[in-house]
Amino acid sequence: MPLIFVVRRLAALIGVLIVSSFLVFAAMYAAPGSPENFLVQGRTVTPEVLAAIRKQYSLDDPFFVRFWNWFTNVLQGNFGQSLSNRQDVGDLLANRLPTTLTLVLLAAILIVVLGIALGVIGGLRDGVADKIIILGSNVGFAVPTFFAALILMSIFSVGLGWFPVFGSGVGVVDRIWHLTLPALALALPSLAVVARITRTAIREERHSEHAVMASARGVPARLVLGRHIIRNSMLPVSTVVGVHIAGLIAGAFVVEYAFTLDGIGTLLVNAVQKKDFAVVQAIAIILVAAFGIINLLVDLLYASIDPRVRLGAAR
Amino acid sequence: MKALAKRLGPIGVGAAFIFAIVVVGALLAPLIAPYDPTIGSVTQRFQGPSLDHLFGTDQAGRDIFSRILWGARSSLVGPLIVVAVTGVLGTGIALTSVWWGGAVDSAISRVLDLLFAFPNLLLAMLAIAVFGPSLTTAALALSISYIPYTARVIRSMALRERNLAYVRSPQLQGISGAVITARHLVPNVAPLIITGATINFGFAMIEIAALSFLGLAVQPPLADWGLMVSNGQQSLLKGYPAESMLAGLFIVLTVASLGYIGERLGGRAAAGRRS
């Protein structure tokens, strides 16, 4: 793959990140209500104290000076202080990142493994198994993640007691055990879509000339399946999987909130409710960056799997 | 009508019927809801289904059936705003872009690329952080984040039409771009707009319900399905699943019906989604 293509896409991503961090900062700056009033939390204070607070947080500097200071700090990994509890935003994020990453990773594995497996079964079998998979993927797509979370919780945690109801666990094994149900809830809609796309792709490949020809040549069914049908049907599937894994980033906070996990998402929801802009800004930038990087990786991956994809073609 | 029914197929007609029931329920809520959706009675908490309370009552003793009916209103209004705003602005932006081409087109493309960089729900959360939680803020922010998807499809369809004779010849006659676009281009992309709206309605319903679930869109004590799922979470853990389950079920039914209809009409590609 030409290096120039990768470089151009990276440059575009960096440009988008700079502009979007400016927009996010500007939106928070323009928000009604002033930060120092939030800090004093309704107590009556003298104008001198307010002035001191404004000075401490450099609130009186011109807009562009403040943006520049914030932006250069962010580039150095310094996200500032949370307005609501004075903690360093970077520390807050670092503590919560493992939960969110594990959750998204588990969900991604579920989407790839279960989604493709169910799709292949639906594509190869006719009859009841296929019907169930079609129905499941149609309904599964319509189930909001938070509702799936509640159903799973009531069946497997409250009813059967197999999994813990809340919390994200300590240590790797315990964490995975705590995050299995949340990951399943998060994965469900995407899993349904991936299963359906896989099923369609497999069905198309099954009747393609090269698969029929291979069977006619006497190639064993198992090899036709593995080398001709499944391999070729993975092309459309890989894009869909990529798009949905990128989408998990934004979906994660709903599931985290439902299971009260201490991830980035819950932090964002709380920060939005409390108008803790330092935290909101930091998380927004990180999510936009992660979303952009995953999308870029997906495009590169797709281009390297399928040489016919014209490089540089915008999405 | 008959052609539409044929296109939808038997399941599609069933889906349209379900969606129609939800819409009628929402419209007639003030007439047919037996109780006030926001006022409960302490002596009536956690009632099972009965003739008095068809779906039982919630933890505040409010009638769940009435809350589902009233909840249909706020649950439908949000996505309706999203679909309307996105349809109008997305189409407008796409057609402007196609009509002028060149610099205008590439400038608009850059802006849309920037919007693509924000996951939908994140953009909505940012807007809510700035303007405070409300259904209007959530719906308008989501509309903006849906615009690039809609604009992308309509742009590529309109590009193909742009150079056809029926667009070119009135232009030669000196008829203004706005008139040609409105008279000729819009009717030709209209089916795409409608199919896209059907699919986007479902997406929007799920995302607004999620925001309400997080306490960031519809505010209590108003009835809303997303809010009811979250309200009922505590009761569910205590063994009273009715409120959460029924509200969730209605979201699933509505979204699944619309999704099926949209799929029959032209598929998710019409909404500009890659999948």
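Which helix gives the most to the lining of the second largest cavity? Keep that one in mind while we look around, and remember that this is a predicted model.

Let's begin with chain B. Chain B has 9 helices and 0 strands, so reading its elements from the N terminus on gives α-α-α-α-α-α-α-α-α. Along its principal axes, the C-alpha trace of chain B spans about 75 × 45 × 30 Å.

Now for the holes. The structure holds 4 cavities of 30 Å³ or more. The second largest of these has a volume of about 80 Å³. It has 12 lining residues, and those closest to its centre are B:Thr150, B:Ile193, B:Gly196, B:Ala197 and B:Asn200. Three elements of chain B each give two or more residues to this lining: helix H2 (64-100), helix H5 (135-162) and helix H7 (177-213). Back to the opening question, then: H7(B) gives the most, with 5 residues. As for chemistry, the lining of this second largest cavity divides into 7 nonpolar residues, 5 polar ones and no charged ones.

Follow chain B past H7 and you come to a backbone detail you may want to check in your viewer. B:Pro220 and B:Pro221 are joined by a cis peptide bond, with omega at about 10 degrees. B:Pro221 sits in the loop between H7 and helix H8 (225-237) of chain B.

Next, how do the two chains meet? The size of an interface is often given as the accessible area lost when the parts come together. Here the area buried between chain A and chain B is about 4000 Å², and carbon and sulfur atoms give 79% of that. In terms of residues, 48 from chain A are in contact with 39 from chain B. The count of salt bridges between the two chains is 0, while 4 residue pairs are in polar contact, both partners being at pLDDT 80 or more.

Which elements of chain A give two or more residues to the side that touches chain B? They are helix H1 (3-30), helix H6 (128-142), helix H7 (145-159), helix H8 (172-206), helix H10 (221-258), helix H11 (264-274) and helix H12 (277-305). The largest share, 9 residues, comes from H10(A). Sorted by type, the residues on this side of chain A come out as 38 nonpolar, 6 polar and 4 charged.

Just what happens after H10 in chain A is another spot for the backbone-minded. A:Thr260 is found in the loop between H10 and H11 of chain A. Its phi is near 40 degrees, a positive value in a residue other than glycine.

Finally, the charged pairs. Side chains of opposite charge can pair when their charged atoms come close. Over all chains, the count comes to 7 salt bridges. One of them is in chain A, where the side chains of A:Arg206 and A:Asp126 meet at 3.8 Å, N to O. What does this pair tie together? A:Arg206 lies in helix H8 of chain A, and A:Asp126 lies in the loop between helix H5 (89-124) and H6, so the salt bridge links parts that are 80 residues apart in sequence.

Methods
Residues numbered from 1 in each chain as written. Chains lettered and ligands numbered in written order. Predicted model: local features only at pLDDT ≥ 70, side-chain atom pairs only at ≥ 80, totals over all residues. Heavy atoms only, no water. Contact = heavy atoms within 4.5 Å. Buried area = accessible area lost by both parts, 1.4 Å probe. Salt bridge = Lys/Arg side-chain N within 4 Å of Asp/Glu carboxyl O. Polar contact = N/O pair within 3.5 Å; in protein donor to acceptor, adjacent residues only side chain to side chain. Helix = DSSP H or I, 4+ residues; strand = E, 2+ residues; numbered from the N terminus. Nonpolar A, V, L, I, M, F, W, Y, C, P; charged D, E, K, R; others polar. 1 Å grid on protein atoms, 1.4 Å probe; cavity = no way out; pocket = protein on both sides within 12 Å on 5 of 7 lines; lining within 4 Å. Points joined across faces, edges and corners; volume = space filled by probe spheres on them.
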